[in-house]
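Let's take a walk through this model together. Have the sequence and the 3D view side by side, and we will go from the whole chain down to single residues.

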Amino acid sequence: METGKERKMSSDNQWSADGEESLLSRLIRKSRDSPFVPVGIAGFMTVVSYGLYTLKYRRDQKMSIHLIHMRVAAQGCVVGAVTLGVLYSMYKDYIRPRFFNVSKK
C-alpha cells in the first residue's frame, strides 16, 4: 500500500506528503504562526551581511575576533526576536484576556 511518498506529521498535527510544500510556502506558513521568526532571520542576515561588508576595513583586528563579534551580534538579533515573540505570546494569551476580557482565538 505504499504510494511512493512518505507521509509525515507537521507541527500542527496535520498529515502532509513530503513533496507537497515548498520551502517558501513553509516559511510563509510558519511566519504567519509566529511573526517574529522572519524578524530574527532578517536581523541575522543584516548582521552577517554588514559584517562581511566591513571585513576588509577591520584594520589591525584579527579575523577570529571579527568573526566572534559578528556571531555574537547575529545571535543577539535572533535571541532578541525570540524573546519578543515569547513576550508577545504571553501578552496575547494571558494578559490581554485577563484585563481586557478578550476571548482567545
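What share of the 105 residues in the protein chain is buried? The answer is 12%. Please keep in mind as we go that this is a predicted model.

With that figure in hand, let's look at the overall layout. The protein chain holds three helices and two strands, and if you follow the sequence you meet them in the pattern β-β-α-α-α. Its exposed surface comes to about 9000 Å², with carbon and sulfur atoms supplying 62% of that area. As for how the chain meets itself, take the contacts with a separation of 6 or more: 32% of them join residues 24 or more positions apart.

Now to what the record says. An unreviewed UniProt entry lists residues 36-53 and residues 73-91 under "transmembrane region". In the model, residues 36-53 are 100% helix and 0% strand, with 26 Å between the end C-alpha atoms. Residues 73-91 are likewise 100% helix and 0% strand, and here the end C-alpha atoms lie 27 Å apart.

The stretch 36-53 is helix α2, and V39 is found in it. Is V39 buried, partly exposed or exposed? V39 counts as partly exposed because its relative accessibility is 45%, and the partly exposed class runs between 20% and 50%. Try finding V78 from here: V39 and V78 are 39 residues apart in sequence, yet their C-alpha atoms are 8.0 Å apart in space.

Next comes helix α3, which covers residues 63-100. With 38 residues, α3 reaches 53 Å from its first C-alpha to its last, close to the 56 Å expected at 1.5 Å a residue. If you trace α3 along its length, you will come to a bend of about 40° at Y91. Just after α3, N101 takes a positive phi of about 50°.

Which residues of α3 are buried? They are H66, M70, A74, A81 and G85, and α2 is included in what covers them.

Let's finish with one of these, H66, whose place is in α3. H66 counts as buried because its relative accessibility is 8%, and the buried class takes in values under 20%. Which residues does H66 touch, leaving aside its neighbours within four places in sequence? H66 is in contact with G51, T54, L55, R58 and Q61. Of these partners, G51 falls within the 36-53 stretch of α2.

Notes. Residues numbered from 1 in each chain as written. Predicted model: local features only at pLDDT ≥ 70, side-chain atom pairs only at ≥ 80, totals over all residues. Heavy atoms only, no water. UniProt positions renumbered as here; feature names shortened; annotations may be inferred. Helix = DSSP H or I, 4+ residues; strand = E, 2+ residues; numbered from the N terminus. Buried < 20%, exposed > 50% of the residue type's maximum accessible area, 1.4 Å probe, protein only. Contact = heavy atoms within 4.5 Å. Areas by Shrake-Rupley, 256 points an atom, 1.4 Å probe, with all protein chains shown as cover. Expected span 1.5 Å × (residues − 1). Bend = angle between axes of the 7 residues up to and from the residue.
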